[in-house]
Amino acid sequence: MKKILKNDFLTIEIDSHGAELCSIKCGNTEYLWQADPQFWARHSPVLFPIVGRVWENIYRVNGREYGLPQHGFARDMEFSLASQSENEIWFRLEDSPETLEKYPYHFCLEIGYRLSGRNVDVLWKVLNTGREDMYFQIGAHPAFNFPDFKPETAGRGYFHFGGKTGMEYILVKDKGCADADTRYSLQMEGEYLPLDVHTFDQDALIIDNSQVDKVTLCRQDHAPWLSLSFDAPLVGLWSPPGKNAPFVCIEPWYGRCDRVGYAGGISGRDWINRLGAGEEFSSVYTIEIPGE
């Protein structure tokens, strides 16, 4: 089931499968990647109840082992329509016997989308409907078309971080998990990070510790193409390594993959979030399409 919201500036489309945003159009221009499987067969999946991978695809709750694939299960499940108005829509996913086999917590996950002028607000609510503490991560994975993409050239534009400089990042290493103790400096040109066909040769760049709260994708002439604003403590920047892909992902995360070799319990995972019984987590990030 696909739903459409539109206003005077933007038209967006959302699929109830994964509650996934699958189109952002301003006029005839499509900003969101259209899931060509040659490169990556998704648009903007929601990552829940984990972000990235757990070590050896196994994690532990109260001494029992459970298996979860990369980025969890929500992106591959059907959500129900919770509510819809002219400018806002909400989808809901609740625990089931299927989810409890992989993730032993009772939860309600709601994903919302709201149009406001040239902005798309993406809203998250996680409710612990069980009787014990619940541990989770949640993240975004939207993919945006590079402006003026030319496969025969190396340049892809720039990232701007709201004027911030001097950021550090870590990398994903063995088995999709992080080398959390080795840090690298972003190689900036003034306030801009140049993007080219080799920027993501070592996979995602993970900027942690709330170093960044806004990322703008800019054209080759530094003009802004689109921006993401967020309060998440981590952001992943990614395009498929070695594929010369026409898109880049800007991914606000409340959590990330395990560090290499982690074998402890879920409560000790890096960047894990805890909700007590009956408690709710909520957050929003905003995609802004600048005017001409």
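This report describes strands, their pairing and salt bridges in a predicted model.

Residues are numbered from 1 along each chain as its sequence is written, and because the model is predicted, local features need pLDDT of at least 70 and side-chain atom pairs count only at pLDDT 80 or more, while totals for chains, interfaces and linings use all residues. Side-chain values use heavy atoms, with hydrogens and water left out.

**An open sheet at the start of the numbering**

Strands here are DSSP runs of E with at least two residues, numbered from the N terminus, and two strands pair if DSSP finds at least two bridges between them. An open sheet of four strands follows the order β1-β2-β3-β4, and its pairing is antiparallel. Because β1 (2–6) and β4 (29–30) stand at the edges with a single partner strand each, one side of each is left without a neighbour in the sheet. The partner of β1 in one such pairing is β2 (residues 10–15), to which β1 is joined in the antiparallel sense over five bridges. Within this pairing, K2 has D15 of β2 as its bridge partner.

**Strand β23 and its partners**

Burial is judged by relative accessible area, where buried means under 20%, exposed means over 50% and partly exposed lies in between (1.4 Å probe, protein chains only). By that rule strand β23, which covers residues 247–254, is mostly covered, with eight of its eight residues buried. In a regular strand the side chains alternate between the two faces of the sheet. In β23, F247, C249, E251 and W253 point one way, whereas V248, I250, P252 and Y254 point the other way, and all of them are buried.

Several strands pair with β23 in the antiparallel sense. Strand β13 (residues 138–140) does so over two bridges, and here G139 stands opposite W253. Strand β14 (residues 143–145) is joined to β23 by three bridges and runs antiparallel to it, with A143 opposite C249. Strand β22 (residues 234–238) runs antiparallel to β23 as well, joined by five bridges, and W238 stands opposite C249 of β23.

**Salt bridges**

A salt bridge is counted when a side-chain nitrogen of Lys or Arg lies within 4 Å of a carboxyl oxygen of Asp or Glu, and the structure holds 17 salt bridges. Among them are the following pairs.

| Pair | N to O distance |
|---|---|
| D76 and R75 | 3.9 Å |
| R219 and D148 | 2.6 Å |
| D270 and R259 | 2.9 Å |

In the pair of D76 and R75, D76 is partly exposed at a relative accessible area of 40%, whereas R75 is buried at 12%.

The side chains of R219 and D148 meet in a salt bridge. This pair links distant parts of the chain, 71 residues apart, with R219 in the loop between β20 (214–218) and β21 (224–229) and D148 in the loop between β14 and β15 (155–160). R219 is partly exposed, with a relative accessible area of 24%, while D148 counts as exposed at 53%.

The side chains of D270 and R259 also meet in a salt bridge. Both residues lie in the loop between β23 and β24 (273–275), 11 residues apart. R259 is partly exposed, with a relative accessible area of 29%. Salt bridges that share partners join D270 and R259, together with D181 and R256, into one network.
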